[in-house]
Amino acid sequence: MDGKKYSVVIAGGGSTFTPGFVLDLIKSQDKFPMRQLKFYDNDAERQKKIGEAVKIIMKERAPQIKFSYTTDPKEAFTDVDFVMGSIRVGKYHMRSLDEKIPLKYGVNGQETTGPGGMAYGLRSIPAIIQIIDWMQEYSPNAWMINYSNTIAIVAEACRRLRPNAKIINICDMPIDDMDRMAAICGLDSWHDIDFNYYGLNHFGWWKEVRNKKTGEDLMPKLKEYVKDHGYWVGGDYDKDTEASWEATFKKVADDYKMDPETLPNNYMQYYYFPQYEVANADPKHTRTDEIREHRQKIVFGECERIVKAGTAKNNIWDISGLHSEYIVDIIHAIAYNTHEKFLANCENNGAISNMDPDSIVEVPALFGADGIQPMATGKAGRFQRGLMMEQQTCEKLVVDAYVEHSYQKMLQAFALNKTVPDASVAKKILDDMIPVNAPYWPELK
Ligand SMILES: NC(=O)c1ccc[n+]([C@@H]2O[C@H](COP(=O)([O-])OP(=O)(O)OC[C@H]3O[C@@H](n4cnc5c(N)ncnc54)[C@H](O)[C@@H]3O)[C@@H](O)[C@H]2O)c1
Ligand SMILES: O=P(O)(O)OC[C@H]1O[C@H](O[C@H]2[C@H](O)[C@@H](O)[C@@H](O)O[C@@H]2CO)[C@H](O)[C@@H](O)[C@@H]1O
Ligand SMILES: [Mn+2]
């Protein structure tokens, strides 16, 4: 370590994940020392609620790190080494519509999959491109680690519109799944697992899972468990897991049966069993409502409590979360050029040998000071390749729709998607989505 101390800005300071991430950054000061932490958000009021609580946390636990929050891009993106992308364009209001509009027509209503995921992706593109441009203008050497969804669509837009930008698009879902695999096999955490994985974001498969220390092949043990229980661990491990996530992890038992050679990312259920998802959804009460009643309420309630008490003693984020732990590991790998292996969403260029070079894929990559070096994962199975070709074409069509302001391309994206049964249904969903997305989408002609 060269004694350097880092400056980080979180874009989306008002995110429900921000306080947990801050606590993990503070705990990692021996590993990733910082001199400055800033928040940036375009909703001053929402950010202030988190910002005021974090001010107290920082004063008590890391007074050596200068902390501030702002809605001014120049102030936010000047003098930073890392930009963390945690924005949700349109906030929970728009997520709720992404979920509920498709359900009205009997189609899967989910944050990052199906028409809702494509609608969300189209909203995110201009905002992420704008943040990249600010970062390049005010801190040209900085890296942006982006986890703002819909990642596959954002990554495709970056590939086309800002090909030289220092941005890495990541997802923590496979980490969560691997942490569950570790627990199932009696290991401590995902850090104990070595893997070979390939696919698209929220759309992939493990080819290999091994004990990192001993090299033992864990696939037979995992398959035996997953066929009955999916990735549901239960007991103490899952004591805080919400009902919808419980259903998700259990459903992996059925996903797995679609290809017993591999282990699936839990998001495959939205593509394998869209009718089941719709049948089990309540169009009046979707995942957004659950978050409003649970995560959002808890996070903002806790911030309010800290501000009122004037202290952050015994706060709820003292226990690390996988999401932020993973992100700290990634920025550490870039800052200290460790070439550790994580998953990244990047241009294929042969990483999956039978996918187009210009596909955006999610594959293992070595993370270091120059960014990522994607690794060769071999050949996708015929079944997987067919699914991926369809899905990534949808993702490319959304970016076409953005670039060309094309109604036709967005309609094709919806109609092609595996979750949508019919082009006339695709049209109905799109026509309902256009007016509510008017503040965020280009005008589609
Ligand atoms: N990739 C992953 O694995 C992963 C995991 C968890 C969450 N996420 C993503 O992280 C993001 C945050 O999730 P959340 O549930 O905490 O959302 P949230 O709604 O609680 O917070 C998002 C924040 O972004 C702000 N925002 C919206 N548009 C903005 C813009 N243009 N510029 C600056 N700020 C803006 C909002 O005001 C809000 O404060 C989402 O995109 C979510 O999908 C990704
Ligand atoms: O419905 P949400 O907002 O709770 O989750 C949607 C996100 O789900 C995944 O992230 C999980 C993560 O895998 C888990 O370990 C924990 O940290 O919670 C995260 C969010 O709940 C997924 O990877 C994200 O892309 C989704 O946005
Ligand atoms: Mn994700």
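**Reading the annotated sites and ligand shells**

With 23 C-beta neighbours inside 10 Å, Cys-171 counts as buried. The model discussed here is predicted.

Q: Where does Cys-171 lie, and which residues does Cys-171 touch?
A: Cys-171 sits in the loop between strand E6 (167–169) and H7. Not counting residues up to four places away in sequence, Cys-171 touches Tyr-147, Ile-151, Asn-201, His-202, Leu-343, Asn-345 and Glu-362.

Q: Which residues does UniProt list together with the name "binding site" in the unreviewed entry, and how should their spacing be read?
A: The UniProt record, an unreviewed entry, lists Cys-171 and His-202 as "binding site". They span 32 residues in sequence, yet no two of their C-alpha atoms are more than 8.2 Å apart, so they gather at one spot.

Q: Is His-202 buried or exposed, and what surrounds it?
A: A residue is buried if 20 or more other C-beta atoms lie within 10 Å of its own. His-202 is buried because 26 other C-beta atoms lie within 10 Å. The loop between strand E7 (193–200) and strand E8 (203–211) holds His-202. Leaving aside neighbours within four places in sequence, the contacts of His-202 are Thr-112, Thr-113, Cys-171, Met-173, Asn-265 and Tyr-267.

Q: Which residues does the other UniProt "binding site" annotation cover?
A: According to the unreviewed UniProt entry, this annotation covers Arg-95, Asn-149 and Arg-287. Arg-95 belongs to helix H4, whereas Asn-149 is found in the loop between strand E5 (143–146) and helix H6 (151–161).

Q: Are Arg-95 and Asn-149 buried or exposed, and which residues are they in contact with?
A: Arg-95 is buried, with 26 other C-beta atoms within 10 Å. Asn-149 likewise counts as buried, with 24 C-beta neighbours inside 10 Å. With neighbours within four places in sequence set aside, Arg-95 is in contact with Arg-88, Glu-111 and Thr-288. On that basis Asn-149 is in contact with Glu-111, Thr-112, Tyr-120 and Ser-124.

Q: How is a ligand shell to be read, beginning with the residues around ligand 2?
A: One may ask which residues form the shell, which elements supply them and what their character is. Around ligand 2 are Glu-111, Thr-112, Asn-149, Cys-171, Asp-172, Met-173, Asp-176, Arg-287, Ile-291, Gly-321, Leu-322 and His-323. At least two residues of this shell come from each of helix H7 (173–184), helix H12 (287–293) and helix H14 (322–335). By character, the shell around ligand 2 divides into four nonpolar, four polar and four charged residues.

Q: How many residues surround ligand 1, and which are the closest?
A: Ligand 1 is surrounded by 26 residues, of which the closest are Gly-14, Ser-15, Asp-43, Tyr-147 and Asn-149. Helix H2 (44–61) and H4 are the elements that give two or more residues to this shell. The shell around ligand 1 comprises 10 nonpolar, 10 polar and six charged residues.

Q: What describes a pair of packed helices?
A: The description uses the angle between the two axes and the distance between the axes. In this model, helix H4 (residues 91–104) and helix H5 (residues 114–138) pack at an angle of about 145°, with axes 8 Å apart. Their crossing is right-handed. On the H4 side the contact is made by Met-94, Asp-98, Glu-99 and Pro-102, and on the H5 side by Gly-114, Pro-115, Gly-116, Ala-119, Tyr-120 and Arg-123. These contact residues divide into five nonpolar, two polar and three charged.

How values were computed. Residues numbered from 1 in each chain as written. Chains lettered and ligands numbered in written order. Predicted model: local features only at pLDDT ≥ 70, side-chain atom pairs only at ≥ 80, totals over all residues. Axes fitted to C-alpha atoms, helices over the stretch in contact; angles between N-to-C directions. Helix = DSSP H or I, 4+ residues; strand = E, 2+ residues; numbered from the N terminus. Left-handed = near helix turned anticlockwise from the far one by under 90°. Contact = placed C-beta atoms within 7 Å. Nonpolar A, V, L, I, M, F, W, Y, C, P; charged D, E, K, R; others polar. UniProt positions renumbered as here; feature names shortened; annotations may be inferred. Buried ≥ 20, exposed ≤ 12 C-beta atoms within 10 Å, placed from the backbone. Near = placed C-beta within 6 Å.
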